[in-house]
Amino acid sequence: MRVLVTGASGLIGSALCDALLARGDAVVGLTRDPAKARPKNPTISWHAWQATTERPPPEALDGVDGVVNLVGEEVNQRLTEKAKLRIRESRLLSTRNLLQAIESADQRPKVFVGQSAIGYYGDRGAKILDEESQPAEGFMAELPREWEAAEREAEGIVTRVVILRTGLVLSKDGGLLGPLLLPFKLGVGGPRAGGDQYMSWIHIDDEVGLLLWALDDDDVSGVINATAPTPVTNREFSKALGRALHRPAVFPVPKAAVAALRGRELADAVAGSARVLPRRALDLGYEFRYPEVDGALRAALR
């Protein structure tokens with residue numbers, strides 16, 4: 001295949017591009033500054049794209065069979081009104097510009113794989129959630145809902161559309177583990193905001209695996225929860241991370257400490273509980289490489 005990837009230099013995008021190249025696919029990457037991206041991976045065909053203000057260049061879509069849309073500003077920051085606007089526009093305007101370019105292409109790709117997040121479900125306690133569960137309210141839930149609505153516009157443009165609602169990604173290169181490793185390695189890690197909230201996580205290899213599966217399998221369409229089949233509480237996750245690092249995990253982090261660093265709104269999201277299952281992925285036959293958190297953490301930290 002020839003696959004166009006937006007957000008190709010990000011955590012998930014980089015891992016996806018590596019996997020595509022490893023299996024012999026051609027990769028087109030869109031980035032603000034190809035001069036910086038190209039030396040890191042010269043085998044990717046890089047093209048400049050100012051995502052929120054313009055369409056991708058037409059030549060970037062030449063011969064493309066599939067598109068994976070991962071572009072979007074980091075949410076893990078203090079959520080001021082200006083930050084919320086940037087985060088929102090980085091997803092919605094970019095997606096609309098991308099779809100306009102696809103619609104205008106001489107030969108349209110057959111599949112569009114979009115990204116979303118399990119923030120869609122909000123704070124739901126211990127209730128088991130799947131793709132049919134209703135969305136929550138508030139910025140962290142409205143953002144993925146609006147993003148999905150923008151990505152669904154691809155349904156009138158390409159043959160097949162898949163949207164992944166991604167959970168907390170486990171990777172040694174960043175994601176959820178990035179800010180946790182130092183305190184745990186120092187022996188002062190522990191559960192956050194009480195520890196009873198459910199965490200729906202996914203190993204980076206399974207996130208990439210689901211993206212490849214979505215590109216390849218003609219039977220896959222619609223919304224798919226990109227989470228491992230065994231969500232755990234924050235307390236259970238903290239103990240598993242402590243075991244993986246051979247460190248104690250007994251020092252709780254109060255919600256107020258998170259709020260002091262990132263603001264009340266993000267602290268509420270961190271303290272929220274979402275017990276999300278990947279029902280459609282399992283029903284459609286995807287086999288998770290890392291279904292259990294202990295094995296996933298050991299692999300992520302290798």
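**Pockets, a cavity and salt bridges**

Around the second largest pocket, the lining is made up of 14 residues, and those nearest its centre are Ser171, Lys172, Asp173, Ile204 and Asp205. Three elements each give two or more residues to this lining, namely helix H1 (11–22), helix H6 (204–216) and helix H11 (293–300). Of these, H1 gives the most, with 4 residues. The model described here is a predicted one, and in it the second largest pocket has a volume of about 320 Å³. By class, its lining holds 6 nonpolar, 3 polar and 5 charged residues.

One of the residues nearest the centre of this pocket, Asp205, also takes part in a salt bridge. Its partner is Arg289, and the closest N and O atoms of the two are 3.2 Å apart. This pair links distant parts of the chain, with Asp205 in helix H6 and Arg289 in the loop between H10 and H11, 84 residues apart. The two partners can also be described by their accessibility: Asp205 is partly exposed, at 32% relative accessible area, whereas Arg289 is exposed, at 56%.

A look at the salt bridges in general comes next. Side chains of opposite charge can pair when their charged atoms come close. The structure holds 12 salt bridges. Another of them joins the side chains of Arg279 and Asp130, with an N to O distance of 3.0 Å. Arg279 belongs to helix H10 (residues 279–283), while Asp130 sits in the loop between strand E6 (128–129) and helix H4 (139–151), so this salt bridge ties together parts that are 149 residues apart in sequence. Arg279 is partly exposed, with 38% relative accessible area. Asp130 has a relative accessibility of 18% and counts as buried, because the cut-off for buried is under 20%.

What separates Lys84 and Glu81 along helix H3? The two are 3 residues apart in this helix (residues 81–104), which means that about one helical turn lies between them. They form a salt bridge in which the closest N and O atoms are 3.5 Å apart. Lys84 is buried, at 14% relative accessibility, but Glu81 is exposed, with a relative accessible area of 61%. Salt bridges can also join up into a network, as they do for Arg23, Asp25 and Asp216.

The search for enclosed space gives a short result: across the whole structure, 1 cavity of 30 Å³ or more is found. The volume of the largest cavity is about 50 Å³. Which residues line the largest cavity? They are Leu180, Phe184, Gly190, Arg192, Met199, Asn234, Phe237, Ser238 and Leu241. Helix H7 (residues 234–245) supplies the largest share of this lining, with 4 residues. In terms of class, the lining has 5 nonpolar, 3 polar and 1 charged residues.

On the surface, a nonpolar patch is formed by Leu182, Leu186 and Val188, which together have about 310 Å² of accessible area. Val188 is placed in the loop between helix H5 (181–185) and strand E10 (198–199). With a relative accessibility of 42%, Val188 counts as partly exposed, because this value falls between the cut-offs of 20% for buried and 50% for exposed.

How values were computed:
Residues are numbered from 1 along each chain as its sequence is written. This is a predicted model: local features need pLDDT of at least 70, side-chain atom pairs count only at pLDDT 80 or more; totals for chains, interfaces and linings use all residues. Side-chain values use heavy atoms; hydrogens and water are left out. On a 1 Å grid over the protein atoms alone, a cavity is a set of points where a 1.4 Å probe fits but cannot get out, and a pocket is an open set with protein on both sides within 12 Å along at least five of seven lines; lining residues have an atom within 4 Å of a point. Grid points are joined across faces, edges and corners, and a volume is the space filled by probe spheres set on the points. Ala, Val, Leu, Ile, Met, Phe, Trp, Tyr, Cys and Pro count as nonpolar, Asp, Glu, Lys and Arg as charged, and the others, Gly among them, as polar. Patches are made of residues with over 30% relative accessible area and no salt bridge: like charges are joined within 9 Å, nonpolar side chains (Val, Leu, Ile, Met, Phe, Trp, Tyr) within 5 Å. Accessible areas come from the Shrake-Rupley method with a 1.4 Å probe; for residues, only the protein chains shown count as cover. A salt bridge is a side-chain nitrogen of Lys or Arg within 4 Å of a carboxyl oxygen of Asp or Glu. Buried means under 20% relative accessible area, exposed over 50%, partly exposed in between (1.4 Å probe, protein chains only).
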